[in-house]
Amino acid sequence: MGAGAVGCYYGGMLARAGHDVTLIGRPAHVQAIQQQGLRLQTRDWTERIALQATTDANGVASADVVLFCVKSTDTETAGAQMRPHLSPQATVLSLQNGVDNAPRLAAVLGRPVIPAVVYVASGMAGPGHVQHHGRGELVISPYPDADAFIAACAQAGIGVTVSEEVQGALWAKLIINCAYNALSALTQLPYARLVQLEGMWAVMRDIERECLAVAAAEGVAVPGDTWAAIEGIAQSMATQLSSTARDLMRGHPSEIDHINGYVIRRAEAHGLPVPANRLLHALVRAREAGHPPMPTASAP
Ligand SMILES: NC(=O)C1=CN([C@@H]2O[C@H](COP(=O)(O)OP(=O)(O)OC[C@H]3O[C@@H](n4cnc5c(N)ncnc54)[C@H](OP(=O)(O)O)[C@@H]3O)[C@@H](O)[C@H]2O)C=CC1
Ligand SMILES: CC(C)(CO)C(=O)C(=O)O
């Protein structure tokens, strides 16, 4: 559900391994996929993969497993569209960033949703054309039939680990997004250049500390060294612009309300100050409202 960068990558890999996959997406992608198959381009190979595609949420009707891959802004709408069509036995996994998509979707569907941490870099390069830039492994919360899904993924070359710590891992990812996404969007800079600007590391340090305080108040143990992870992104993804930067460039709503915006809401609930997150959130929202207008440069 949500045939974009994530949905097309995982759907494409599973279909390529012989699994019966239906992609549910927007008309331009669906038409291209119906006519020519899904074009899946990786660093090593490019293939056209024949699979089913539809714009109608009733495409979930016969699914044993639904991979829910829309942006956090679309969780409720897309969930409500597929709810009447889901089989009672279907397992729904949320393959989304942000820490509350699974419970939000579960509330709409009236059934459990399994959260997954998605470690992939992919993007849509055109209608029905997904480009894979690297990685692809999933970490999922445990559930009764997980073994069948893990086996299907293994056959497709997708590594899946089961962990009780998915919430902590989602928070670790959220903190990276809080540190980079808005700053990259507001400066329109890729990460390596961004961190060279005066004062940027200090701002990111403030954001990280605010996020960790909120996570602690939420009772979430964030695994690993978050500051080392933030520093590492500037090297490992040196030339990348954040998804928020790319959303703003194409005039698409960003996930900022579910990144820094989420931290602000939870901080308010705990009476914690988060001024750095608040400022970045407000500035991105101002940009989304057209103040100042975005430059017309196209996304790389
Ligand atoms: N891309 C990446 O490398 C990674 C992304 N993520 C996360 O994964 C999630 C998905 O991201 P990504 O795949 O990049 O996003 P995309 O925007 O590429 O894909 C989502 C697709 O779903 C479509 N869609 C939304 N609502 C519906 C609906 N009701 N019916 C049919 N189609 C719908 C969107 O259309 P439209 O645009 O017209 O709304 C879009 O084509 C996000 O939470 C993201 O943060 C996590 C790790 C890596
Ligand atoms: C990890 C990061 C920051 C990479 O760009 C990302 O998830 C995003 O842009 O949303």
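Is the crossing of α8 and α11 left-handed or right-handed? To find out, open the predicted model and select the two helices.

**Stop one: α8 and α11**

Select residues 200–217 for helix α8 and residues 260–270 for helix α11. Their axes lie 10 Å apart, and the helices pack at an angle of about 55°. Angles of 65 to 115 degrees count as roughly perpendicular and those under 35 degrees as roughly parallel, so α8 and α11 are oblique to each other. The crossing of α8 and α11 is left-handed.

Now show the side chains at the contact. From α8, pick Glu 210, Cys 211, Val 214 and Ala 217; from α11, pick Val 263, Arg 266, Ala 267 and His 270. Coloured by class, the contact of α8 with α11 shows five nonpolar residues, two charged and one polar.

**Stop two: ligand 2**

Centre the view on ligand 2 and display the residues surrounding it: Asn 97, Ile 176, Asn 177, Tyr 180, Asn 181, Met 237, Gln 240, Ser 242 and Ser 243. Which helix gives the most to this shell? Select residues 166–187, helix α6, which supplies four residues. By class, the shell around ligand 2 has six polar and three nonpolar residues, and no charged ones.

**Stop three: the annotated domain**

Finally, select residues 1–144, which an unreviewed UniProt entry lists as "domain: Ketopantoate reductase N-terminal". Within this span, helix accounts for 27% and strand for 33%. Mark the C-alpha atoms at the two ends of residues 1–144: they lie 22 Å apart. Asn 97 from the shell around ligand 2 falls in the stretch listed as residues 1–144.

How values were computed:
Residues numbered from 1 in each chain as written. Chains lettered and ligands numbered in written order. Predicted model: local features only at pLDDT ≥ 70, side-chain atom pairs only at ≥ 80, totals over all residues. UniProt positions renumbered as here; feature names shortened; annotations may be inferred. Axes fitted to C-alpha atoms, helices over the stretch in contact; angles between N-to-C directions. Parallel < 35°, antiparallel > 145°, perpendicular 65-115°, else oblique. Left-handed = near helix turned anticlockwise from the far one by under 90°. Contact = placed C-beta atoms within 7 Å. Nonpolar A, V, L, I, M, F, W, Y, C, P; charged D, E, K, R; others polar. Near = placed C-beta within 6 Å.
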